[in-house]
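This report describes the disulfides, aromatic pairs and nonpolar cores of one protein chain. The sequence and structure are shown first, and the description follows.

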Amino acid sequence: MGKSILVFSVVIVFLFSIAYATSGIGTFYTTYIPSACYKNTPEGVMIAAASDTLWDNGRVCGKMFHVTCTGPRNPVPHPCTGKTVTVKIVDHCPAGCASTIDLSFEAFSQIANPVAGIINIDYTP
């Protein structure tokens, strides 16, 4: 009985998290410092830059987001790996940024083929 309740609880939490994911666009970048949030302090490679949509005058700095590739935005077929990556927001995506979340190359590579360059994503804080 205890295992059944645990499994049921995990399934409910998973479905709840999927239901509240926000759709967006993902790209990648390769120069990580300096960053808008941490200046010249390296924050690792599982990081991302937030677009104006998420930036909120820098209040998003340091927040963690779970990002999943949901499909292509260009002719590269089947770019998604099926994985989800967790990234820390460390930077502000420059004006004219084509994405909602600009992932580090390492983070992007976990969820999609980098050849795609730009993908559809779902993300949750």
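A disulfide is counted here when two cysteine sulfur atoms lie within 2.5 Å. By this criterion, a search of the whole structure finds three disulfides. The model is predicted: local features need pLDDT of at least 70 and side-chain atom pairs count only at pLDDT 80 or more, whereas totals for chains, interfaces and linings use all residues. Residues are numbered from 1 along each chain as its sequence is written, and side-chain values use heavy atoms, with hydrogens and water left out.

**Confidence**

pLDDT is the predictor's confidence in each residue, on a scale from 0 to 100. The protein chain has an average pLDDT of 89, and 85% of the residues score at least 70. Over residues 9-13 pLDDT stays under 50, and for this segment the model has zero contacts (heavy atoms within 4.5 Å) beyond four places in sequence.

**Disulfides**

A disulfide is a covalent bond between the sulfur atoms of two cysteines. The three links are compared below.

| Disulfide | S to S distance | Torsion about the S-S bond | Handedness |
|---|---|---|---|
| Cys-37 and Cys-61 | 2.0 Å | about -75° | left-handed |
| Cys-69 and Cys-80 | 2.0 Å | -60° | left-handed |
| Cys-93 and Cys-97 | 1.7 Å | about 70° | right-handed |

When the bonded cysteines of the protein chain are numbered in sequence order, the pairing reads 1-2, 3-4, 5-6.

Helices (H or I, at least four residues) and strands (E, at least two) are DSSP runs numbered from the N terminus. Burial is judged by relative accessible area: under 20% is buried, over 50% is exposed, and values in between are partly exposed (1.4 Å probe, protein chains only).

The disulfide of Cys-37 and Cys-61 ties together parts that are 24 residues apart in sequence, because Cys-37 lies in the loop between β1 and β2 and Cys-61 in the loop between α2 and β3. Cys-37 is buried at 19% relative accessibility, while Cys-61 is partly exposed at 27%.

Cys-69 and Cys-80 form another of the links. Cys-69 lies in strand β3 and Cys-80 in the loop between β3 and β4, so this pair ties together parts that are eleven residues apart in sequence. Cys-69 is buried, with a relative accessible area of 8%; Cys-80, at 29%, is partly exposed.

In the disulfide that joins Cys-93 to Cys-97, Cys-93 is buried at 2% relative accessibility and Cys-97 is partly exposed at 26%.

**Aromatic pairs**

A pair of aromatic rings is described by the distance of the centres and the angle of the planes. Rings of Phe, Tyr and Trp (its six-membered ring) pair if their centres lie within 6.5 Å; planes under 30 degrees apart count as stacked, over 60 as edge-to-face and the rest as tilted. This rule gives four aromatic pairs. One of them is edge-to-face, because the rings of Phe-28 and Phe-105 have centres 5.2 Å apart and planes at 70°. Phe-28 belongs to strand β1 (residues 22-29) and Phe-105 to helix α3 (residues 105-111), and the pair links these distant parts of the chain, 77 residues apart. Both rings belong to partly exposed residues, with relative accessibility of 27% for Phe-28 and 33% for Phe-105.

Phe-28 also pairs with Phe-108 in a tilted arrangement, 5.0 Å centre to centre with 55° between the planes. Phe-108 is in helix α3 and Phe-28 in strand β1, so this pair ties together parts that are 80 residues apart in sequence. Phe-108 is buried, at 0% relative accessibility. Ring pairs thus join Phe-28, Phe-105 and Phe-108 in a cluster.

**Nonpolar cores**

In soluble globular proteins, nonpolar side chains tend to be buried together. A nonpolar core is defined here as a set of buried Ala, Val, Leu, Ile, Met, Phe, Trp, Tyr and Cys residues joined through side-chain atoms within 4.5 Å. The largest core has 23 residues, and Phe-65, Val-67, Val-87, Ile-101, Leu-103, Ile-111 and Ile-119 have the most contacts inside it. Two or more residues each come from β2 (47-50), α2 (52-55), β3 (64-72), β4 (84-92), β5 (101-104), α3 and β6 (118-124). Leaving aside residues up to four places away in sequence, Phe-65 touches Val-60, Val-85, Thr-86, Val-87, Ile-89, Ile-101, Tyr-123, Thr-124 and Pro-125. A second, separate core of six residues includes Ile-47, Ala-49, Val-90 and Cys-93.
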